[in-house]
Amino acid sequence: MDADLKAGRGVDYSRIFTQAIDRLHVEGRYRVFIDILRNKGAFPNARCFAGHNGPKPITVWCSNDYLAMGQHHTVIAAMEEALHDVGAGSGGTRNIGGNTHYHVDLEAELADLHGKEGALLFTSGYVSNEATLATLAKILPGCIIFSDELNHASMIAGIRNSGCERHVFRHNDVDHLEELLAAVDPAAPKLIAFESVYSMDGDIAPIAAICDLADRYSALTYLDEVHAVGMYGARGGGISERDAVADRLTIIEGTLGKAFGVMGGYITADQTIIDVIRSYAPGFIFTTSLSPVLVSGALASVRHLKASSVERDGQQAAAAMLKGMFADAGLPVMDSTTHIVPLMVGDPVKAKKISDILLAEYGVYVQPINYPTVPRGTERLRFTPGPAHDEAMMRELTGALVEIWSRLELRKAA
């Protein structure tokens, strides 16, 4: 045994790890994952295994399955058919046995959805962002990336892992972005990375104005549409489709795990860029591909939402109704122009307490949103009403929140 360990001078790993967890408890941001099962075909109804008395019925208010497509009969039927046709797993990476006709078909549908030449599937939206941004910047010599300050952690990770020069512009501030673009070498390759819908505040990027700057300063553009695909546009192509600017964007990235209700991430772009990422990105090359069962479900969902606006219309109506109820009740609902309905709390301990009371006493499931997902002091509850949340559910929820706000003596809206 090492002499230091014999003398009691070894590293106390257990203490270090325990202290790290203890800090989260003290700060009120230790995360607890509740044990639930959704009821097939009956979303947002679910059941929670919180005690020893069997499952308790609950209503889910925080799912990113915005349109309940994960419960849609067409999606489930497609997944069942694929399971019985080809089995469960993909068999490996795309270049070693993991490429199927389902993958090829879905990439073609996604490219068409965004009006691009090609698409590339990843195992998640996180991986698609991290792998693509890191690889792009490494391929472009001397690349400089300009990143919105509220970009998702996966985008930040990809930009950092690229090792390139990077500048952060103030959220949705095109004037600040132009200042930064004007200050760098005009001949340097440049990439502007931003999102369409920012999921914690529910606001939207000025895509056309950013594209104008990209044209002026010869920059590529990378748009994360994960909280908008399926949700906006005549066919669910996102904000870029709704605002008729998709053709101006170099790369559009999206997810299959939110409005499409399944799992996975993707990018769409011209075929050369797709080929570069396919050929160089470790996060694509060395990862087992998505199960064809998942791909088949996502394919059915994308095709359905291209043709149907019923789900989108129902979700937008539900979000507007809930925002109105919260505002009328004096609850501090944040100003959101999208389907996201955030309720400001401003304290991590109180946000967790409200969440716990809602679940234990009212059968309402909504997770508190704390740092580092949002800045300290802006902790909140984030509601995502969908087309299946009816008016009665919303009135019960609003009444519960009013009671809890009064009980905890929390500040109401100004």
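# Helices and sheets of a predicted model

Student: In this predicted model, what radius of gyration does the chain have, against that of a compact globule with 414 residues?
Tutor: The model is a prediction. A compact globule with 414 residues would have a radius of gyration near 22 Å, and the value for the chain agrees with that. The C-alpha atoms fill a box of roughly 70 × 60 × 50 Å along the principal axes. The radius of gyration of the chain is 23 Å.

Student: How many helices and strands are in the chain?
Tutor: The helices include helix 5, residues 125-139, and helix 14, residues 348-362. Among the strands are strand 2, residues 45-48, and strand 3, residues 56-60. The count for the chain is 15 helices and 16 strands.

Student: How are helix 5 and helix 10 oriented to each other?
Tutor: Helix 10 covers residues 271-280, and its axis lies 10 Å from that of helix 5. The packing angle is about 100°, and angles of 65 to 115 degrees count as roughly perpendicular. Helix 5 and helix 10 are therefore roughly perpendicular.

Student: Which residues of helix 10 meet helix 5?
Tutor: From helix 5, the contact takes in T132, T135, L136 and I139. The residues of this contact divide into six nonpolar, two polar and no charged. On the side of helix 10 they are I273, V276, I277 and Y280.

Student: What is the handedness of the crossing of helix 14 and helix 15?
Tutor: Helix 15 spans residues 391-407, and its axis comes within 11 Å of the axis of helix 14, crossing at roughly 125°. That angle makes helix 14 oblique to helix 15. The crossing is right-handed.

Student: How many charged residues are in the contact of helix 14 with helix 15?
Tutor: Helix 14 brings I354, I357, L358, E361 and Y362 to the contact, and helix 15 brings A400, L401, E403, I404, W405 and R407. Eight of the contact residues are nonpolar and none is polar. The number of charged residues is three.

Student: Which strands are the edge strands of the open sheet with the order 1-2-3-14?
Tutor: This sheet has four strands and mixed pairing. Strand 2 and strand 3 run antiparallel, joined by four bridges, and R47 has P57 as its bridge partner. Strand 3 and strand 14 (residues 364-365) run parallel, joined by two bridges, with V60 opposite Y365. Pairing on one side only marks the edge strands, strand 1 (36-38) and strand 14.

Student: Why is one side of strand 13 and of strand 15 left without a neighbour in the sheet?
Tutor: The three strands of this open sheet follow the order 13-16-15, with antiparallel pairing. Strand 13 (341-344) and strand 15 (368-369) stand at the edges, so each has a single partner strand.

Student: Which residue in strand 16 stands opposite I369?
Tutor: Strand 15 and strand 16 (residues 380-383) run antiparallel and are joined by two bridges. The residue opposite I369 is R380.

Student: What angle does the direction of helix 13 make with that of strand 13?
Tutor: Helix 13 (residues 310-328) packs on the sheet. The strands touched by helix 13 are strand 13 and strand 16. With the direction of strand 13, that of helix 13 makes about 20°.

Definitions and conventions: Residues numbered from 1 in each chain as written. Predicted model: local features only at pLDDT ≥ 70, side-chain atom pairs only at ≥ 80, totals over all residues. Heavy atoms only, no water. Axes fitted to C-alpha atoms, helices over the stretch in contact; angles between N-to-C directions. Parallel < 35°, antiparallel > 145°, perpendicular 65-115°, else oblique. Contact = heavy atoms within 4.5 Å. Nonpolar A, V, L, I, M, F, W, Y, C, P; charged D, E, K, R; others polar. Pairing = 2+ DSSP bridges. Left-handed = near helix turned anticlockwise from the far one by under 90°. Rg over C-alpha atoms; globule rule 2.2 N^0.38 Å.
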